[in-house]
Amino acid sequence: MILTQRLRLQLRFKMLVSCIVAVSENGVIGKNGTLPWRLSSDLKRFKEITTGHHIILGRKNYEDIGRPLPNRINLVLSRKENLKIEGCEVFSSLEHAINFAKESGETECFIIGGAEIYKAAMPYCSRLYLTKVKAEIDGDVFMPSLGEGWTLERETSFPADEKNQYSTVFQIFERSLENG
């Protein structure tokens with residue numbers, strides 16, 4: 001049933017849905033409402049990849065950021081009825097947000113978190129931009145399972161330096177929704 005649902009969604013949306021996330025070796029993606037590391041290269045990569053595109057994020061993640069991210073269409077998911085956020089579009093479901101991006105002519109929209117949104121989005125995602133943070137980090141938000149069927153397409157390693165607290169590995173994974 002999930003396979004059929006994924007194929008229907010892929011055909012229906014005709015747009016690439018991607019996740020972009022930085023994850024520590026022990027699965028941490030956040031702590032106390034913020035990123036638990038200082039990684040200038042990861043923030044630069046995030047900006048380069050997502051600028052000019054629709055980004056989908058949860059309300060809590062939006063509140064942690066504190067403002068709409070510039071030069072992107074910010075689509076915020078919330079269960080709060082009639083929520084209005086200046087500079088953002090607000091949706092009650094992930095499907096509606098994805099469909100909005102598609103109907104706007106988007107070619108690749110990005111899921112940017114938090115953990116609940118990543119978990120809900122995995123059935124839709126066929127590309128993953130992953131930054132592996134080469135450290136075990138103390139945190140309170142963890143990346144959910146990515147599911148199966150991912151194939152590593154590209155990988156680049158970077159050492160820690162004065163602007164990057166930890167060594168990182170930038171990876172891009174792809175999967176066909178019919179296989180994953």
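Here, buried means under 20% relative accessible area. With that cut-off in hand, select α4 (94-103) in this predicted model and look at L94, A97, I98, N99 and A101, which are buried. Step just past the end of the helix and you meet G105, whose phi is positive, near 90 degrees.

**Into the core**

Keep L94 on screen and add V17, V21, I56 and I111: of the 27 residues in the largest nonpolar core, these five touch the most other members. To see where that core draws its residues from, colour β1 (16-24), β4 (73-77), α4, β6 (108-113), α5 (115-121) and β7 (127-133), each of which supplies at least two.

Now centre on I111. Which residues is I111 in contact with, leaving aside its neighbours within four places in sequence? From β1's stretch of numbering you'll pick up V17, S18, C19 and I20; the rest are I56, L94, I117, Y118, A121 and C125.

Next, select F46, I55, Y62 and L69. They are among the 14 residues of another core, which lies apart from the one you just left.

**Over to the pocket**

Switch on a surface and go to the largest pocket, with about 1,300 Å³ of space in it. Its lining takes in 44 residues; for the ones nearest the centre, select N61, I65, I112, G113 and G114. Want the elements instead? β1, β2 (28-30), α2 (40-50), α3 (59-65), α4, β6 and α5 each give two or more residues to the lining. Colour the lining by type and you should get 20 nonpolar, eleven polar and 13 charged residues.

**Aromatic pairs**

There are three aromatic pairs in the structure; let's stop at two of them.

Start with F110 and Y129. Their ring centres are 5.7 Å apart and the planes sit at 45 degrees, so this pair is tilted. F110 is in strand β6 and Y129 in strand β7, so the pair ties together parts that are 19 residues apart in sequence. Are these two buried or exposed? F110 is buried, at 0% relative accessibility, and Y129 is buried too, at 8%.

Then jump to F158 and F170. Here the ring centres are 4.8 Å apart with the planes at 50 degrees, so this pair is tilted as well. F158 belongs to strand β9 (residues 151-158) and F170 to strand β10 (residues 168-174), so the parts tied together are twelve residues apart in sequence. Check the accessibility of each partner: F158 is partly exposed, at 32%, whereas F170 counts as buried, at 11%.

Methods. Residues numbered from 1 in each chain as written. Predicted model: local features only at pLDDT ≥ 70, side-chain atom pairs only at ≥ 80, totals over all residues. Heavy atoms only, no water. Core = buried A, V, L, I, M, F, W, Y, C linked by side-chain atoms within 4.5 Å. Buried < 20%, exposed > 50% of the residue type's maximum accessible area, 1.4 Å probe, protein only. Helix = DSSP H or I, 4+ residues; strand = E, 2+ residues; numbered from the N terminus. Contact = heavy atoms within 4.5 Å. 1 Å grid on protein atoms, 1.4 Å probe; cavity = no way out; pocket = protein on both sides within 12 Å on 5 of 7 lines; lining within 4 Å. Points joined across faces, edges and corners; volume = space filled by probe spheres on them. Nonpolar A, V, L, I, M, F, W, Y, C, P; charged D, E, K, R; others polar. Phe/Tyr/Trp six-rings, centres within 6.5 Å; stacked < 30°, edge-to-face > 60°.
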